[in-house]
Amino acid sequence: MHPRDSAPWVAPPPPLVPALLDPLAGARVTSADEAGVTLDVRTASGRTGTLRLRPATDNSLRVTLRLDGVPTAPRVSLVTPPADTGCLVERSADRLTLRLGSLAVDVHLSPLTLELTECHLLQATDVSDPGDRTTVLPLGVTELADGQLVHHDSWFTEPDEHFYGLGERFTGPDLRGQRVDCWVEDAQGSTGTRSYKAVPFLLSSRGYAVLVDTTTAASFDLAHSNTGAWSLTVPDEELDYYLIAGTPTECLRTYRDLTGPALLPPAWAFGPWISGGFRPDSAADVRERGRRIRELGFPCDVLHIDTYWQRPGCWSDMEWDGEAFPDPRGLLIDLAGQGFHVSLWMNPYLSVDSPHFAEADRNGWFLRTPSGASWTGQVWGGAHPDSAVLDLTHPGAADWLRGRVRRVLAAGVSVLKTDFGEAVPVDAVAYNGMTGDRLHNLYPLLFNDLVAEVTREVAGHGLTWGRSTWTGGQRHGAKWTGDSNASWQDLASTLRAGLSLSFSGHPFWSHDIGGFHGTPEPELFVRWAQFGLLSPLTRFHGMTSRLPWDFGEEAYAAVLHAARLRTGLLPYVHRCAADAVRTGEPLARPMALDHPGRPDAHAADLQYLLGPDLLVAPLYAPGGRRQVWFPPGEWLPYAGSGGPIDGPAWRRVRIPLAAAPLWLRAGAHVL
């Protein structure tokens with residue numbers, strides 16, 4: 001029982017009410033060659049189907065299970081394996097072995113069980129408690145009360161195994177012991193189990209990963225229901241996932257190979273972004289912010305204008321408020337002349353009060369209810385009128401939104417902040433026939449793909465600054481971790497969420513310096529700014545002022561120092577960012593990424609390497625002291641007292657307010 005359990009959410013995942021567990025009970029080999037292995041299978045209740053094991057890359061195997069007679073519904077595959085990968089199949093009376101470049105999989109036929117031999121990973125097929133009750137979900141299906149099927153599979157886990165990935169996780173990067181639903185939600189904060197970004201990509205410290213190709217609410221039970229096994233549950237018409245072998249960095253490279261590379265943001269995007277905040281704004285206010293920034297010499301490459309560039313109540317219309325911004329083109333020209341790029345806020349909804357609502361409704365441009373009416377509901381937590389969700393599978397709706405995006409970019413805007421996108425209800429019906437249970441997680445990709453396409457056409461790059469995402473969303477470049485509170489607890493959970501994204505194939509993330517809700521006290525603001533200015537991307541934004549000079553002289557001096565440090569590090573950051581795109585590895589590297597065999601690395605989940613040579617340990621509590629784990633090697637303090645520290649070692653360090661929480665690998669050249 002918890003207050004959050006009964007909180008109103010715009011679009012929760014569909015409930016699953018099990019009626020009959022139906023595991024695979026038999027298999028017969030129908031083909032085995034360089035293209036893989038195909039087996040005819042039957043379940044305990046007599047259902048029949050096909051299990052296919054096919055090479056995807058030289059270190060990954062595609063596993064698909066589809067039962068006969070299951071209806072086909074509109075679905076989208078987000079994984080594209082290379083077409084020319086083969087394997088060697090060795091066969092004996094009761095076993096087949098598939099050998100790829102760096103992966104070997106044994107297929108035991110009776111009972112049907114898969115095993116990854118290099119990492120000793122064995123499928124859990126029949127695990128029961130003393131009362132003979134099944135305690136894992138073996139490979140097979142469960143029939144639900146409504147007649148639908150849910151697919152599942154389970155594998156044994158070692159006692160010291162750690163699990164990472166699955167998107168943005170505010171509970172921490174190490175997910176062992178948790179049950180995680182991959183379902184994009186408006187988390188309304190950063191200290192709960194819900195998240196804006198979900199990626200069904202699981203990374204293990206034992207040398208393997210799993211990528212599920214679905215847009216449904218895939219769920220992972222990570223030694224939660226049974227401490228000796230982990231399970232995946234997929235409410236899709238087929239089970240389609242990839243077993244990947246290798247170190248964490250090798251697995252991330254394969255994720256890139258299967259889902260596409262990350263977008264490298266333009267060079268200016270790595271400098272500081274400064275926002276006027278989520279509060280009334282005007283051309284005069286923006287001009288004054290720009291003037292003040294340049295007068296003080298505070299480093300800033302991007303000025304962000306949030307929701308109030310549009311008319312009140314029409315925040316989705318993509319039209320300037322003519323009273324507050326009487327000459328937007330002139331404003332943008334002036335800001336460009338001062339060396340600023342401009343970011344604008346947008347979302348994919350349309351208020352019932354919008355003058356465009358009737359036209360869009362008449363043209364069928366909104367997602368529909370099962371009865372055929374346009375769906376409308378709360379997407380603002382009750383603070384604004386109901387809205388409808390633009391149906392981006394409808395060519396007319398997509399073209400309408402493209403035109404509005406094109407118009408603001410052509411006026412001189414450099415990039416758009418693509419907010420929201422998590423509100424598709426499970427029973428919605430789209431123009432292309434897709435229902436909400438499949439469209440919900442896909443929708444943020446459709447939204448950002450559309451904006452990125454027009455941005456590339458008009459501005460010459462495809463960067464979006466997005467809040468929600470799914471598999472493959474690294475192609476949009478930037479993500480920020482949502483609406484945190486101005487608290488030390490939220491700073492820590494934001495850091496952990498960012499590192500979880502790093503483990504999920506998304507190398508470029510950011511957050512609202514100082515927290516979004518509330519007003520940070522000066523020490524918290526300084527420490528959050530130091531963290532933000534040493535993050536992959538950096539932005540000052542909140543519901544109240546986050547202008548650094550509004551927090552007192554001492555705080556301003558410390559933040560200015562960190563911002564100038566960021567500027568000095570930009571050549572290094574640019575090099576490391578390009579490497580991240582090339583390799584699939586993150587720009588902010590969690591300790592366990594490079595040291596999966598070291599227990600201390602898994603415990604050090606509140607620090608990271610920025611690139612290979614800078615150790616960043618943000619302060620997450622007042623007082624200026626914290627424990628830091630130093631990886632193997634010699635580390636030199638960026639500032640303050642103390643000499644070199646030889647790792648691996650834990651040290652309790654003191655970091656003065658004016659000093660960045662930063663250490664340099666001895667012998668490295670970063671400035």
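Visitor: Which residue follows helix 9, and what is the sign of its phi?

Guide: Gly584 follows helix 9, and its phi is positive, near 85°. A helix here is a DSSP run of H or I with at least four residues, numbered from the N terminus. This is a predicted model, where local features need pLDDT of at least 70. Residues are numbered from 1 along each chain as its sequence is written.

Visitor: How do you know what span to expect for helix 9?

Guide: The expected span is 1.5 Å times one less than the number of residues. Helix 9 (residues 553–583) has 31 residues, for which 45 Å is expected, and its first and last C-alpha are 42 Å apart, close to that value.

Visitor: Where does helix 9 bend?

Guide: The bend is at Leu569, by about 55°, and Pro571 follows within four residues. That angle lies between axes fitted to the seven residues ending there and the seven starting there.

Visitor: Why is helix 5 called oblique to helix 6?

Guide: Their axes, lines fitted to C-alpha atoms over the stretch in contact with angles from 0 to 180 degrees between N-to-C directions, cross at roughly 40° and come within 9 Å. Helix 5 is therefore oblique to helix 6, since angles under 35 degrees count as roughly parallel, over 145 as roughly antiparallel, 65 to 115 as roughly perpendicular and the rest as oblique.

Visitor: What makes the contact between helix 5 and helix 6?

Guide: Contact means heavy atoms within 4.5 Å. Among the residues making it are Leu401 and Arg402 of helix 5, and Val454 and Glu457 of helix 6.

Definitions and conventions
This is a predicted model: local features need pLDDT of at least 70, side-chain atom pairs count only at pLDDT 80 or more; totals for chains, interfaces and linings use all residues. Side-chain values use heavy atoms; hydrogens and water are left out. Helices (H or I, at least four residues) and strands (E, at least two) are DSSP runs, numbered from the N terminus.
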